[in-house]
Amino acid sequence: MSGVAFSVEGLPIPQGSKTVAKGGGKTWLRDANATKLKPWRAKVAAAADTGASFDCPVVVFAVFYLPKPQRPRWLLPGVKPDVDKLARALLDGMKDGGLLAEDSRVVDLHAVKRYEHAGNPVGVRVLVMETEEVTPFRPDAVQRVADRINQKENQ
């Protein structure tokens, strides 16, 4: 099984709702937060451009590290942005960077939000692996994946 690990530093931006734009007698949809989303997806695309490309079923592990407020309400970031919208932007950026032939190749997605801490600045850590089997979700896998990503980046 082959895989790729990469990270992107910077505030993760969710792929949010669409808005209707009109002009020149035409109507189209655009991302409501396009001014922030486009640069984030470009950073993801650049980091995902590793020379590898997956055109097969893959499993993706993603740990989004968000800024920790001075007085967090909870231990974990159970606040906006939504993890599914963060994952959408990530997968589209990975496709833009050529790592995924199509984001539909993702058959198993494990995305979590955590607060930043020493060794894990604001951003996202990602592991993509080919798969031909069903991978059961195990909560302890998140930390193991983060450890694997950090080990690969430090080599």
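Reader: How many helices and strands does the protein have?
Author: This is a predicted model. From the N terminus on, its elements run β-β-β-α-β-α-β-β-α. The protein thus holds 3 helices and 6 strands.

Reader: In what order do the strands of the open sheet lie?
Author: The sheet is built from 4 strands, and their pairing is mixed. Strand S1 (3–9) and strand S5 (106–115) each pair on one side only, as edge strands. Neighbouring strands are turned by 10 degrees against each other on average, direction ignored. The order is S1-S6-S4-S5.

Reader: Over how many bridges do S1 and S6 pair?
Author: Strand S6 covers residues 123–130 and runs antiparallel to S1. Alanine 5 stands opposite leucine 127 in S6, and valine 4 stands opposite valine 128. The pairing of S1 and S6 extends over 7 bridges.

Reader: Which side chains of S1 point to one face and are buried?
Author: The side chains alternate along S1. Gly3, Ala5, Ser7 and Glu9 point to one face and are not buried, that is, they do not fall under 20% relative accessible area. Those that point to the other face and are buried are Val4, Phe6 and Val8.

Reader: What angle does the direction of helix H1 make with that of S1?
Author: Helix H1 spans residues 34–48 and packs on the sheet. The strands that H1 touches there are S1 and S6. The direction of H1 makes with that of S1 an angle of about 145 degrees.

Reader: At what angle to S5 does helix H2 run?
Author: Helix H2 comprises residues 83–96. H2 lies across S1, strand S4 (58–66), S5 and S6. Relative to S5, H2 runs at about 120 degrees.

Reader: Which residue in the hairpin of S2 and S3 takes a positive phi?
Author: Strand S2 (residues 18–23) and strand S3 (residues 26–31) pair in the antiparallel sense over 6 bridges. Within this pairing, lysine 22 stands opposite threonine 27 in S3. The hairpin has 2 residues between the strands. The residue with a positive phi, near 60 degrees, is glycine 24.

Reader: What share of the contacts with a separation of 6 or more comes from residues 24 or more positions apart?
Author: The count concerns contacts in the protein between residues with a separation of 6 or more. Residues 24 or more positions apart account for 81%.

Reader: What percentage of the residues of the protein count as buried?
Author: The accessible surface comes to about 9100 Å², and 52% of this surface belongs to carbon and sulfur atoms. A residue counts as buried under 20% relative accessible area. Of the 155 residues, the buried share is 41%.

How values were computed. Residues numbered from 1 in each chain as written. Predicted model: local features only at pLDDT ≥ 70, side-chain atom pairs only at ≥ 80, totals over all residues. Heavy atoms only, no water. Pairing = 2+ DSSP bridges. Axes fitted to C-alpha atoms, helices over the stretch in contact; angles between N-to-C directions. Contact = heavy atoms within 4.5 Å. Buried < 20%, exposed > 50% of the residue type's maximum accessible area, 1.4 Å probe, protein only. Areas by Shrake-Rupley, 256 points an atom, 1.4 Å probe, with all protein chains shown as cover.
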